[in-house]
Amino acid sequence: MWLRADFRNGAGMKLLFLGDVVGRAGRTAVRDRLPAIRAARRLDFVVVNGENATGGAGLSPDHARILLEAGADVVTLGDHAFDQRDMLQFVESEPRVLRPLNYAKAAPGRGARVYDAPGGRKVLVAQALGQVFMKRPFDDPFSALDPVLKQHPRGGLVQASLVDFHCEATSEKNAMGWYCDGRASLVVGTHTHVPTADARVLPGGTAYQTDAGMCGDYASIIGMDREEPLRRFLTGMSKGRFAPAEGAATLCGLLVETDDRTGRATSVEVFRDEPPIADREALPS
Ligand SMILES: [Fe+2]
Ligand SMILES: [Fe+2]
């Protein structure tokens, strides 16, 4: 129990989670702005969802390195985890990149790990995929996460634990928040790319937000250039591929403070970093 004794009452960590990085707009914004955000906010630990950072679909090793060098301690993926083929090898060699726990039995990489944070502290990060309205029938995320949380009690083996729950349905994300309340420091939804207005700390000390929103150009349709999705909605026909919108990006996510001794979230704040005004003026009208 020496580990517990090292952590004082009241001392805690400042964590930032950033939602799905979309395309060049999202990743250059993370590259250019995260280092200053990390310093100004005195962040101890940063997790970035990178599943759409390369062309809107998946994450290449080069782009993963950009996010890590910008200040992400961990990059999570999602249903697009292996859209970029090189990720199949890269995820095995780079422990700071996590794919969903319940992606597939044969998938390379891991869905949960314990990471070092400043001051000898440990942080568990895990990601799971939902089942409702998802294209593929992934395994049950609740039973996938349960043993991970049991093996890494917050305030015990780890000082904080973060769960990125990547799914479409708000109901399923709500359910996961309550399922993990009292066990995780943070449960945050990703995948739908639109931030929700329900960030709060649940009674058991688990910070929760149904969706963190994306890091990308919001003058878009969930990060994609508007033309093709609008055409499909209006005509039911597709003419081309979806392409990420290229205007200036807003970074969206969640700031959470935790207590080292208990692993509980003590505060949660929606995080939004708008593009600099000069870049905003270049946004498409
Ligand atoms: Fe996404
Ligand atoms: Fe996704």
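Donors here are N, O and S atoms within 2.8 Å of the metal, and water is not among the atoms, so a site may look incomplete. With that in mind, welcome to a predicted model in which E51 bridges two iron ions, ligand 1 and ligand 2, that lie 3.5 Å apart. The chain around them has 8 helices and 12 strands. Below is a quick tour, from the metals outward.

**The iron ion (ligand 1)**

- Four residues supply the protein donors of ligand 1: D20 through OD, E51 through OE, N52 through OD1 and H193 through NE2, at 2.0 to 2.2 Å from the ion.
- The 4 donor atoms subtend angles of 87 to 169° at this iron ion, which makes the arrangement irregular.
- If you like to search by sequence pattern, the donor residues of ligand 1 follow the spacing D-x30-E-N-x140-H.
- E51 sits in the loop between strand 2 (45–49) and helix 3 (61–70), while H193 sits in the loop between strand 8 (186–190) and strand 9 (200–201), so this pair ties together parts that are 142 residues apart in sequence.
- Both of these residues, E51 and H193, are buried.

**The iron ion (ligand 2)**

- The protein donors of ligand 2 are E51 (OE), D79 (OD), H166 (NE2) and H191 (ND1), and they lie 2.1 to 2.2 Å from the ion.
- Around ligand 2 the 4 donor atoms subtend angles of 86 to 139°; tetrahedral would need all angles between 85 and 135 degrees, and the arrangement is therefore irregular.
- Along the sequence, the donor residues of ligand 2 are spaced E-x27-D-x86-H-x24-H.
- D79 comes from the loop between strand 3 (74–76) and helix 4 (87–93), and H166 from strand 7 (residues 160–166), so the two tie together parts that are 87 residues apart in sequence.
- H166 has 0% relative accessibility and therefore counts as buried.

**The sheet that carries H166**

- Strand 7 belongs to an open sheet of 6 strands with mixed pairing, in the order 5-6-7-8-10-9.
- Strand 5 (112–117) and strand 9 are the edge strands of this sheet, each pairing on one side only.
- Strands 7 and 8 run parallel and are joined by 5 bridges.
- Within that pairing, H166 stands opposite T190 of strand 8.

**Strand 1 and its neighbours**

- Strand 1 (residues 12–18) is mostly covered, with 5 of its 7 residues buried.
- Strand 11 (residues 251–259) runs antiparallel to strand 1, and 7 bridges join the two.
- Strand 1 also pairs with strand 2, here in the parallel sense and over 4 bridges.
- F17 is a handy landmark: its bridge partner in strand 11 is L254, and F17 stands opposite V47 in strand 2.
- As a general point, side chains in a regular strand alternate between the two faces of the sheet.

**The chain as a whole**

- For 285 residues, a compact globule would have a radius of gyration near 19 Å; the chain has 18 Å, which agrees.
- The C-alpha trace spans about 60 × 45 × 35 Å along its principal axes.
- Buried residues make up 56% of the 285 residues.
- Of the contacts with a separation of 6 or more, 64% are between residues 24 or more positions apart.
- The accessible surface comes to about 12500 Å², with 53% of it belonging to carbon and sulfur atoms.

Conventions:
Residues numbered from 1 in each chain as written. Chains lettered and ligands numbered in written order. Predicted model: local features only at pLDDT ≥ 70, side-chain atom pairs only at ≥ 80, totals over all residues. Heavy atoms only, no water. Donors = N, O, S within 2.8 Å, 3.2 Å for Na, K, Ca; no water. Tetrahedral: all angles 85-135°; square planar, octahedral: opposite > 155°, others 65-115°. Buried < 20%, exposed > 50% of the residue type's maximum accessible area, 1.4 Å probe, protein only. Rg over C-alpha atoms; globule rule 2.2 N^0.38 Å. Contact = heavy atoms within 4.5 Å. Areas by Shrake-Rupley, 256 points an atom, 1.4 Å probe, with all protein chains shown as cover. Pairing = 2+ DSSP bridges.
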